[in-house]
Amino acid sequence: MKDIASWNEGDWIGAIAALALFAFLVIGGLIAARKSEEVVGHPRGLFVLFYAEMWERFSYYGMRALLVLYLTKFWLFQDGKANLIYGAYTSLVYITPVLGGAIADRYLGQRKAVIYGGILLAFGHLFMAVEGMHGVTDPAIKQADPAINVFWLALALICVGSGFLKANISVIVGQLYRMTDTRRDAAYTIFYMGVNVGAAMGTILVGYLGETIGWAWGFGLAGIGMVMGLVIFMIGKPALNGQGEPPAPLAKRTEWTLYGTGIAAVAVIWALVQYQDVIQSLLIVSGLAMLGYTLYEAFKLPKEPRERIFAILFLVALNPIFWGLFEQAGGSLSLYTDRFVDRAGVPTSLFQSINPIYIVLLGPVFAGLWTWLGHKGLEPSAPAKFGLALVQVGLSFLVFVWGAQSVGPALTPVIFVFLIYLLQTTGELCLSPVGLSAMTRLAPVHLGSFIMGAWFYMTAVGNFVAGKIGEATGGEGGEMSKELTLAIYSKIGWITIGVALVVLVLARIVRGWMHLDTLEDRSAPTVP
């Protein structure tokens, strides 16, 4: 334990995050001790889900903050390869909810799916703490260590566990309220705050322990956090009022067969995450198949719903562009921050907490802004918001490049890290919640779940694109350089600005395809 007089900025940030986490635990204990069915006007079950998801995000984002650093500093992968592994892993995290959601909807029910996913996640995060050989400086010898297979297993368990948990816990939130309940939007706002509070604190505490004490300490804390979330969810079952149960009585044999399907998926992903080119081919083939099926269904529909499908395809196609740039945060931007930014002693991983902190601070501002503009008749359409999102994420890289180049060979001032995250966060708030809302509003009832799956699928494609961009920053030799990285950041920034301008020009046409004036008031599917 350091003497407090010798603490640097990173130590103080870690201490403040630990105190904040303790405060949240105390508040959670007080809520759990209440006997009333409602807390601050909402069902008590909402806060069970809030804390369970907070801990899950604590674990996931904490591990994400360390992953690329762990790949390059411990497993000695080249920078380009580490970025590609990161992109492959995060893309699989967004694909598996299609499997987990389908199994829960048809057979298992959301509650059992969440428990099963939580168990897989807990094992995955805890297996991340198995490090293997230390002190090896030859990458070939290091990567031949049998313990690396435990590492691949950990990633596979986290991917499949997220698939069973990610979408289903959000569905239960909606099940606590009637479709006409005016508290639904506020409930999801509270839940979304839990997501980002967990992400911020997990990034800080897991990252701090991993970088300053040891990798196993950081990953171990992520595993403990997931166990905490699972325990809260299981103890809080009575507060869910019977929601999330199987749609029909489930035979034990069928139930265990479904769990076996999850284990089989772990085995498949254990192989896929090691062979990233296979993932790329699968994404292309399955993406074309999804596009073909969507068009087939679209041309069977009357004019207005058919054109809404065209609007959906337009918006969905922009997803990989945005997330391909945004997800540099956990890949190439993290490595750049580690090597070429004046961090003043703050551990690199802690900077990834900036985005969720901005989300917590700016989310309510943007929600109020859209409402205010709506009342004035000035709210941009969904396609226009997507264009604005792309402008901001493209501009974030151009501002960062300008700041880094303005100081020459010196370390990049840390203010530009805060600026790139600020512009990316404001862009995220123009795209992510808007996209989810658009998918549920525009999709025909019989294609609602498929369209939402396509949205997350293209997010997965974006994460893989992020890995490919990160791989390019390693150059031919595989090791990142400041000059090459800034050149790539400048190129993708300008290309994205160009795409954004095209989107803004086409926004009026796409808005016409949406036919908002003739949309019928119907129950929309609940989304994560």
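This briefing walks through one helix, a surface patch and the aromatic contacts of the structure above. The model is predicted, so please read every value below as computed from it. Aromatic rings take up much of the text, since a search of the whole structure finds 30 aromatic pairs.

**Helix H14**

- Helix H14 covers residues 382-406, which makes 25 residues.
- At 1.5 Å a residue, H14 should span 36 Å, and its end C-alpha atoms are indeed 36 Å apart, so the expected and modelled lengths agree.
- Most of this helix is covered, with 18 of its 25 residues buried.
- After H14 comes Gly 408, which has a positive phi near 65 degrees.

**A nonpolar patch on the surface**

- Four residues, Leu 126, Val 227, Val 231 and Ile 235, make up a nonpolar surface patch.
- Together they offer about 330 Å² of accessible area.
- Helix H8, residues 215-235, is the biggest contributor to the patch and supplies three residues.
- Val 227 is found in helix H8.
- With a relative accessible area of 36%, Val 227 falls between the 20% limit for buried and the 50% limit for exposed, so it counts as partly exposed.

**Two aromatic pairs involving helix H11**

- Among the 30 aromatic pairs is the one between Phe 310 and Trp 513, which is edge-to-face, with 6.2 Å centre to centre and 70 degrees between the planes.
- Phe 310 belongs to helix H11 (residues 303-326) and Trp 513 to helix H17 (residues 482-514), so this pair ties together parts that are 203 residues apart in sequence.
- Phe 310 is partly exposed because its relative accessibility is 22%, and Trp 513 is partly exposed at 28%.
- Phe 322 and Phe 326 form a stacked pair, at 5.7 Å centre to centre and with 25 degrees between the planes.
- Both of these residues, Phe 322 and Phe 326, sit in helix H11, four residues apart, or about one turn of the helix.
- Phe 322 and Phe 326 are both buried.

**An aromatic cluster and a lysine**

- One aromatic cluster is formed by Tyr 70, Phe 74, Trp 75, Phe 77, Phe 151, Trp 152, Trp 215 and Phe 219.
- Which residue has its charged end over the ring of Phe 74? That is Lys 142, at 3.5 Å from the ring centre.
- Lys 142 also lies over the face of Trp 75, where the distance to the ring centre is 4.8 Å.
- Phe 74 and Trp 75 are both members of the aromatic cluster.

How values were computed. Residues numbered from 1 in each chain as written. Predicted model: local features only at pLDDT ≥ 70, side-chain atom pairs only at ≥ 80, totals over all residues. Heavy atoms only, no water. Expected span 1.5 Å × (residues − 1). Buried < 20%, exposed > 50% of the residue type's maximum accessible area, 1.4 Å probe, protein only. Patch = residues over 30% accessible without salt bridge, like charges linked within 9 Å, V, L, I, M, F, W, Y side chains within 5 Å. Areas by Shrake-Rupley, 256 points an atom, 1.4 Å probe, with all protein chains shown as cover. Salt bridge = Lys/Arg side-chain N within 4 Å of Asp/Glu carboxyl O. Phe/Tyr/Trp six-rings, centres within 6.5 Å; stacked < 30°, edge-to-face > 60°. Lys NZ or Arg CZ within 6 Å of the ring centre and 35° of its normal.
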